[in-house]
Structures are given as C-alpha cells and as structure tokens.
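Please look at the model below before reading on. My notes follow as numbered points.

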Amino acid sequence: MVRGMILGTGRCLPQRVLTNAELEQRVDTSDEWITTRTGIRRRRIAGPGETTSHLAAEAARRALEMAGMSAEEIGLIVVGTISCEIAMPSCACLVQRELGARRAFAFDINAACCGFTYSLDLADRYVRADPDLKVLVIGAETLSSRTNWEDRNTCVLFGDGAGACVVGAGEGGAGVVASRLHADGELWQLLYMEAAPSMNPELARPDNPGPFIQMAGRDVFRHAVRSMAEVVGEVLDAAGVAADDLALVIPHQANIRIIHALADRLGLPADKVCVNVHEYGNTSAASVPIALDEANRAGRLAPGDLVLLCTFGAGLTWGAVLYRW
Ligand code: ACO
C-alpha cells in the first residue's frame, strides 16, 4: 500500500533570542510566572529579512538537502501559516519562487496551530492518489508580527520559526498510518485574530480590537487537553494500536502543562514526549515540524517506530497523525 512518507526534514529559527528576563522589562510579568504557567524560558523573534516565507524556504531547503532532492523535483508546496508577511499571494507561492521550484503548484492552509498536521494529512492523500508527486509540507510563522507587545496575557507565549518535510510515496509500511482532523467553528471567538480593517464601511467592525491574537486562555487550555486526548484515541483506534506502542509523541508546543496533562491521560512516560516549548515558545503551525526535525536529527527515530503528531489551535481545530518511521 502506498503511503505518504517523509523523505527529509528541516527547520529554520531566527537568530534573535528573546528571554523572559527581557519581557520583564516590557510588561508587568516575571520569569517565574512565565516559566511555571507555560514552561517557556525563551523564544526566537524574527529580525531583518527573516520573514515567514524566508524562514519557510530555508527550512524547506534543509529538508530537500536531507532528502537528496532538488527543488525542481517538487510538484506541490503546502504551507500551514497564519502570519505570512503578505496576505496575497500565498506564502507557498513566495517559497516556490525563493526555491526555484518551478514545477510546483502552491497554496497555504489556514488551520492556525494545526496548519502542519492538516497539511501533512493533505500531502498524504495527494501522494496516495499520485505516487509520483513530491510534496513540500511546511509550517512557518512570525507571530511576533501579530502580537500585541503590551498585552502580557499573550506576548509572553509566542515565537517565530519554520519547519518542513518532503513527502513522497512510500511502500513497505513506512509513512502515514492514520490521521484524524477536526474543527469546531462555534468556538472561533476563544482564539482569533482580526484581518486588516475593512475598507468597506458597511463591513467595518466598530469593535475591531486590531490585528492581534485574542485569546481566552483558560478555555483554550481546557479544550486543548480534552480534544487532543480524544483525537489521539481516535487515531490509535483507527490503526489498531495502543499508546504503549508509540515510540515518540510530538505534541503542539503551546504550554508545558497542556503537554504534561496529555501525557498523563495517555499514560506516556516523559522520555516518549518531545518538548522544546522552553526554547521556542508557541510557534503555532511551525511547532510540530520544528520538533520533528530536532528529533530526527538527534537520532530519536528508528525505522519502524510509531510516531504520533497531535495539535490544537484556533478554529478551534485539532488533529492527530500517526506515522510509521
Ligand atoms: N505575567 C504575569 N501575570 C499574568 C500574565 C503574565 N504574562 N498573563 C496573565 N497574567 C495574570 C492574569 O492577568 C491573571 O491575573 P488575575 O487573576 O489578577 O486576573 C492571572 O495571571 C491568572 O491568569 P490565568 O489566565 O488564569 O492563567 P492560566 O494559569 O490559565 O495561564 C495561559 C494562562 C498560560 C495563557 C494558559 O491559560 C494557557 O496556556 N492557555 C492555552 C493557550 C494556548 O495554548 N494557546 C494556543 C493556541 S495559539 C494559536 O492557535 C495561534
């Protein structure tokens, strides 16, 4: 059976590190509050030239290099992002241009922090339908550009970065085993970001709070734990495997307490759960592919290993992908 198989992974983080101590100088917060409530110690913040599309292209270049492939072999580029430097065309088109991937068609997926899992699921389905296709799947964000740096409730949480993988047809068991994706638009106001103000006065929203992330943190927290635990259960059932069979879980890196609560519900020991939220904060769609590349390059993945990726985000959206390495 043909499955979408990861042929190479890559990541790109901005140079600049922003510590909790520096945030103490900007807003009424403390390293102690941020660390105990979120697990975050520092995050990367984009500097000159480190746009979302550039970070995405750089991560993709490294994934292509690992796969031993050229950009011209890529037939499709999908970027999960909510923070590209321009609204139109897509970030994927900018990546296509920067890489010189002339044969690829390209588009973005807006599923917030689930952008990468949604895109990987899509790539798997494309590759099953067209086994010659090679897909670049990227999660990339510069949420620093969408953060209200005077709002302590949100500005301590986010960071910038990109992760990528090349997906092609695999046979012999390696690849995407099962995936489940969900959304509940009824809950959109728990976590959202306004678009640019409307130029049509009929559509202008008088209560537009500006193009920053708005979040009901406690509610999002509750939904995150419950929905990720449920979707992980669904995907394990679909594949007929147990949590014990997993070699590694790569959850969305939003908050260490969410990650610990999920691990507790699944009965997973700490060494089976990838954590880098202390280094990068919440990089939204980039968080899972960054952690995946770190795990891959650190040799944490062996052939035959079952790896579980799970995410939640604005929408609300949530999903899980079970992958055999
Ligand atoms: N420093 C100090 N105090 C703070 C800060 C801060 N940075 N931020 C909030 N506080 C205060 C609040 O004002 C509140 O004070 P009050 O009680 O006087 O009103 C107090 O701390 C407690 O606030 P809570 O919201 O109850 O804190 P909580 O323990 O829930 O932690 C947090 C907040 C970290 C946001 C948590 O709710 C969380 O992680 N939620 C999930 C968020 C998330 O994962 N979002 C991901 C999606 S992002 C995306 O999709 C792009």
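1. Helices (H or I, at least four residues) and strands (E, at least two) are DSSP runs, numbered from the N terminus. Residue numbers start from 1 along each chain as its sequence is written. This is a predicted model, in which local features need pLDDT of at least 70, side-chain atom pairs count only at pLDDT 80 or more, and totals for chains, interfaces and linings use all residues, while side-chain values use heavy atoms and leave out hydrogens and water.

2. Ala 112 is not a glycine, yet has a positive phi of about 50 degrees. Ala 112 is placed in the loop between strand 5 (105-109) and helix 5 (115-129).

3. Two cis peptide bonds deserve a look. Met 88 and Pro 89 are joined by one, with omega about 5 degrees; Pro 89 belongs to the loop between strand 4 (76-80) and helix 4 (91-99). Another joins Gly 315 and Leu 316, with omega about -10 degrees, and Leu 316 is in the loop between strand 12 (306-313) and strand 13 (317-324).

4. Which residues are closest to the ligand? They are Thr 29, Arg 37, Cys 113, Arg 218 and Asn 255, out of 25 that surround the ligand (a heavy atom within 4 Å). By class, this shell holds 12 nonpolar, 8 polar and 5 charged residues (Ala, Val, Leu, Ile, Met, Phe, Trp, Tyr, Cys and Pro count as nonpolar, Asp, Glu, Lys and Arg as charged, the others, Gly among them, as polar).

5. Helix 7 (217-239) is among the elements that supply at least two shell residues each, and gives the most, with 4. Domain 1 (3-172) and domain 2 (176-324) both contribute to the shell, so the ligand lies between them; the domain bounds come from an automatic or database assignment.

6. Polar contacts are pairs of N or O atoms within 3.5 Å. A side-chain N or O atom of Thr 29 is 2.6 Å from a nitrogen atom of the ligand. Backbone N or O atoms also take part: that of Arg 152 lies 2.9 Å from a ligand nitrogen, and that of Ala 314 lies 3.3 Å from a ligand oxygen. Taken alone, the ligand exposes 1000 Å², of which the protein buries 78% (Shrake-Rupley method, 1.4 Å probe).

Terms used
Polar contact = N/O pair within 3.5 Å; in protein donor to acceptor, adjacent residues only side chain to side chain.
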